[in-house]
Amino acid sequence: MYLNRRTVLLGMAAASPLATAGRLWAAPSGGSRLLVVFLRGAYDATNIIIPTGSDFYYASRPTLAIPKPDSTNPHAALPLDAAWALHPALRDTILPLYQKGEVAFIPFAGTDDLTRSHFETQDTIELGQDIKGSRNYRSGFMGRLAQRLNGASPISFTPQLPLTFQGAGAIPNVAINAVGKPAITAHQAQLISNMYAGRPLASAVDEGFHVRDDVYHAITDKLTQASRGAASPKGFELSARRIGQLMRDRFSLGFVDVGGWDTHVNQGGATGYLADRIGELGRGLAGFSEEIGPEWHNTVVVVISEFGRTFRENGDRGTDHGHGSIYWVLGGGIKGGRLAGEQIPVDQKHLFQNRDYPVLTDYRALFGGLFTRMYGLKPTDLQAIFPATSPTDLNLV
């Protein structure tokens, strides 16, 4: 529970499942909601949104390629259009949303960071700054967005505040996969509140404990009812439903990251490690859309990753660090059911450095276009959020 930048209450922060600034985070009132899902480790987009119209894809991935669409083959890709298809693990989750026009995929998306370093490029994306300038690690793009939105209620569903929310004060954060009984009891909380009574931090302390308790009960009470007291399974699917409930009732600007996408070895194709991971992600996103209820129509979810992976499979039946990726935009009000953004033929001639997807849609330009439509931000606001970047309007909202 971060009440200011001093260390007086850091012990309380470690004990509490939620960190919050000294102000009231009011429940959203039907306005736009944004959730950014960061797939850390660089997911292999090419085997998830599959270029089935490309013979080069099948030649480049002799053991990993997903079979072309075939209604008689349960392991075949699911057609999206004449050139692209979806991984079969997403048959019951993401495909129905796509068919309802609630999902759009943006191929050839990413950043101009060419390091192919997980940490370097993750930082690049979270900061959202001009790569040609010096980095300010105290200013992330979601933090700058939160500063420019009136009435925004931000939260990070992570154990620690990520770079992307830096610079906006002490944003609430909660480790959604590991919410347990608060380490500080109600009696101890009251004693601490009494200590600060009549002091400048009093309201911050009280609000911090209120938010902590609200989140704890919002998560545990519902889970106890649904599972009849049994231990709940872990994973993104369960976490996403928790996130949906919290964003439905209380928060309007969220960030969550999901790890485990660095598939150098034995990645698998229609089945295997990556198929299991993407299936979990799909169930989580579908569960989020159900849990957030009618507010799904006011919600935009953007799924990103730091970079793509090599187009050709390696000798260990996996893929290595690449460049361009494929991003997802989901929501009840999305103009989806399509692949959006600039596209090129998927062949050897158009590979970046003869190994990766190129980046044709910059992630900052993509977010800038979304922010313009979602929030009506002015060009000066967008320049403050994403310096030296012009928004790209893909008509997604």
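H87 touches N47, I48, I50, I66, L78, G269, A270, A275 and I278, where contact means heavy atoms within 4.5 Å and residues up to four places away in sequence are not counted. The structure is a predicted model, in which local features need pLDDT of at least 70 and side-chain atom pairs count only at pLDDT 80 or more, while totals for chains, interfaces and linings use all residues. Residues are numbered from 1 along each chain as its sequence is written, and side-chain values use heavy atoms, with hydrogens and water left out.

H87 is placed in the loop between β5 and α3 (94-99); helices (H or I, at least four residues) and strands (E, at least two) are DSSP runs, numbered from the N terminus. The relative accessible area of H87 is 0%, which makes the residue buried. Here buried means under 20% relative accessible area, exposed means over 50%, and partly exposed lies in between, with a 1.4 Å probe and protein chains only. Among the contacts of H87 is A270; the two residues are 183 residues apart in sequence, yet their C-alpha atoms are 7.0 Å apart in space.

Strand β5 belongs to an open sheet of 3 strands, with the order β3-β5-β4 and antiparallel pairing. Two strands are taken to pair if DSSP finds at least two bridges between them. The edges are formed by β3 (49-50) and β4 (78-79), each of which pairs on one side only. Between β3 and β5 (residues 85-86), 2 bridges are found, and the strands run antiparallel. Within this pairing, I49 is opposite L86 of β5.

Strand β10 (residues 299-305) has 7 of its 7 residues buried, so the strand is largely enclosed by the rest of the structure. Its two faces are both covered, with T299, V301, V303 and S305 buried on one side and V300, V302 and I304 buried on the other. β10 is joined to β2 by 7 bridges, the two strands running parallel. One bridge pairs L39 with S305 in β10. With β11 (residues 325-330), β10 pairs in the antiparallel sense over 3 bridges; here V301 is opposite L330.

The model contains 17 salt bridges, a salt bridge being a side-chain nitrogen of Lys or Arg within 4 Å of a carboxyl oxygen of Asp or Glu. D44 and R61 form one of them, with 2.6 Å between the closest N and O atoms. D44 is in the loop between β2 (33-39) and β3, and R61 is in the loop between α2 (55-60) and β4, so the pair ties together parts that are 17 residues apart in sequence. Both partners are buried: the relative accessible area is 0% for D44 and 1% for R61.

A further salt bridge is formed by the side chains of R135 and D113, at 3.6 Å from N to O. R135 lies in the loop between α4 (118-127) and α5 (141-147) and D113 in the loop between β6 (103-110) and α4; this pair links distant parts of the chain, 22 residues apart. R135 is partly exposed, at 28% relative accessibility, whereas D113 is buried, at 4%.

The salt bridge between R277 and E280 has an N to O distance of 2.7 Å. These residues are 3 residues apart in helix α9 (residues 273-291), which means that about one helical turn separates them. R277 is buried, with a relative accessible area of 17%, and E280 is also buried, at 17% relative accessibility. Elsewhere, R40, E126 and D257 are joined into one network by salt bridges that share partners.

Helix α9 also packs against α8 (residues 236-249): the two axes come within 7 Å and cross at roughly 25°. Axes are lines fitted to C-alpha atoms, for helices over the stretch in contact, and angles run from 0 to 180 degrees between N-to-C directions. Angles under 35 degrees count as roughly parallel, over 145 as roughly antiparallel, 65 to 115 as roughly perpendicular and the rest as oblique. The helices α8 and α9 are therefore roughly parallel to each other. Their crossing is right-handed, the near helix being turned clockwise from the far one by less than a right angle, whereas an anticlockwise turn would make a crossing left-handed. On the α8 side the contact is made by F236, E237, A240, R241, I243, G244, Q245, M247 and R248. On the α9 side the residues in contact are E280, L281, R283, G284, L285, G287, F288, E290 and E291.
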